[in-house]
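Hello,

Here is the structure we talked about handing over. Please load it first, then read the notes below.

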Amino acid sequence: MHILDLDGVGLHYRDEGPKDAPAVVFANSLGTDFRLWDKVVARLHAAFPEGLRMIRYDKRGHGLSDCPKGPYSMGTLVRDAEQLLDHLEVKDSLFVGLSIGGMIAQGLAVKRLDLVRAMVLSNTAAKIGQPEMWADRIATVKKGGIAPMADGILERWFHKDFLASSEFPAWRNMLIQQSVEGYAGCCAAISGTDFYTPTSGLRLPTLGIGGSDDGSTPPDLIRETVNLIPGSRFELIRRAGHLPCVEQPDAFADLLTQFIKETGHV
């Protein structure tokens with residue numbers, strides 16, 4: 001485990017694989033830590049035995065990263081990712097972002113195209129929800145914590161089959177054990193973000209991934225965002241909700257493996 005000091009805020013990250021190998025960077029969703037990617041990373045290790053450099057991190061307010069007082073801005077979250085990659089001397093990464101992580105991917109590509117040569121936008125959008133919705137969620141979580149909201153959130157995250165599985169309780173615990181301040185701070189960042197115009201100016205290989213049963217970012221919303229970028233494509237994973245990398249890791253890893261090969265990122 002490593003902690004990078006970003007102007008007094010500790011960012012928890014993991015850097016696996018040869019340092020001179022092509023880098024794949026993962027940014028996770030609201031309410032999760034970087035264990036979100038465990039199954040996918042394991043499958044990529046098997047698919048590319050010659051080696052990839054795989055970098056994961058907990059955004060501020062989540063996991064083992066520090067939780068400064070919110071609200072946060074998307075610019076701050078993008079800068080955290082930028083500083084991490086600069087610290088690790090990474091250029092031309094393939095950046096995989098899910099939900100708020102996909103917003104970070106878009107913002108980083110707009111700001112520092114030298115850091116991102118291709119991106120995967122999973123279960124995300126240029127704009128997610130309306131400010132009023134996020135204001136209500138922030139007020140609710142600050143008043144009563146995450147646990148009272150958890151069931152509704154998890155029904156949007158997962159297909160009904162996964163909700164009944166033995167794996168599900170651990171994901172519920174991951175959600176409710178996140179910091180209230182960090183969760184609310186990142187809700188504010190999402191609320192204030194509209195990337196339709198900047199994302200439409202991007203020109204880089206882009207793969208969009210959606211889950212057929214995603215109640216947070218429905219497939220049509222993801223497709224609309226991906227279509228802003230010429231030459232991009234969209235893929236749908238069946239029997240999956242907002243976190244297809246957890247529910248359908250084989251399908252997710254297969255799409256990612258194909259995209260890595262297509263873009264020559266090996």
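**A buried cysteine**

Cys245 sits in helix H11, which covers residues 244-247. Keep in mind that this is a predicted model. Is Cys245 buried or exposed? Its relative accessible area is 0%, and anything under 20% is called buried, so Cys245 counts as buried.

What does Cys245 touch, leaving aside residues up to four places away in sequence? The contacts are Leu36, Trp37, Lys39, Val40, Leu98 and Phe252. Asp38 is worth a look as well. In sequence, Asp38 and Cys245 are 207 residues apart. In space, their C-alpha atoms are 8.9 Å apart.

**Aromatic pairs**

Next, the rings. Searching the whole structure gives six aromatic pairs. One of them joins Phe158 and Phe168. The geometry is edge-to-face, with 6.1 Å from centre to centre and 90° between the planes. This pair links distant parts of the chain, with the two positions ten residues apart in sequence terms: "ten residues apart". Phe158 lies in the loop between helix H5 (150-157) and helix H6 (160-163). Phe168 belongs to helix H7, residues 168-176.

Both partners fall under the 20% cut-off for buried. Phe158 has 2% relative accessibility, so it counts as buried. Phe168 has a relative accessible area of 14%, so it is buried too. The two rings also belong to a cluster. Ring pairs link Trp157, Phe158, Phe162, Phe168 and Trp171 there.

**The whole chain**

Now the overall picture. The protein chain has twelve helices and eight strands. Its radius of gyration is 17 Å, and the globule rule gives 18 Å for 266 residues. The two values are close, so the chain is as compact as a globular protein of that length. The C-alpha trace spans about 50 × 40 × 35 Å along its principal axes.

How much of the chain is buried? Buried residues make up 56% of the 266 residues. Now take the contacts with a separation of 6 or more: 77% of them are between residues 24 or more positions apart.

On the surface, the protein chain exposes about 10600 Å². Carbon and sulfur atoms supply 50% of that area. For charges, count 28 positive and 33 negative side chains. The centres of the two sets lie 2 Å apart.

Best regards

How values were computed
Residues are numbered from 1 along each chain as its sequence is written. This is a predicted model: local features need pLDDT of at least 70, side-chain atom pairs count only at pLDDT 80 or more; totals for chains, interfaces and linings use all residues. Side-chain values use heavy atoms; hydrogens and water are left out. Helices (H or I, at least four residues) and strands (E, at least two) are DSSP runs, numbered from the N terminus. The radius of gyration is taken over C-alpha atoms; the globule rule is 2.2 Å times the number of residues to the power 0.38. Buried means under 20% relative accessible area, exposed over 50%, partly exposed in between (1.4 Å probe, protein chains only). Contact means heavy atoms within 4.5 Å. Accessible areas come from the Shrake-Rupley method with a 1.4 Å probe; for residues, only the protein chains shown count as cover. Lys and Arg count as positive and Asp and Glu as negative; His and the chain ends are not counted. The place of a charge is taken as NZ of Lys, CZ of Arg, CG of Asp or CD of Glu. Rings of Phe, Tyr and Trp (its six-membered ring) pair if their centres lie within 6.5 Å; planes under 30 degrees apart count as stacked, over 60 as edge-to-face and the rest as tilted.
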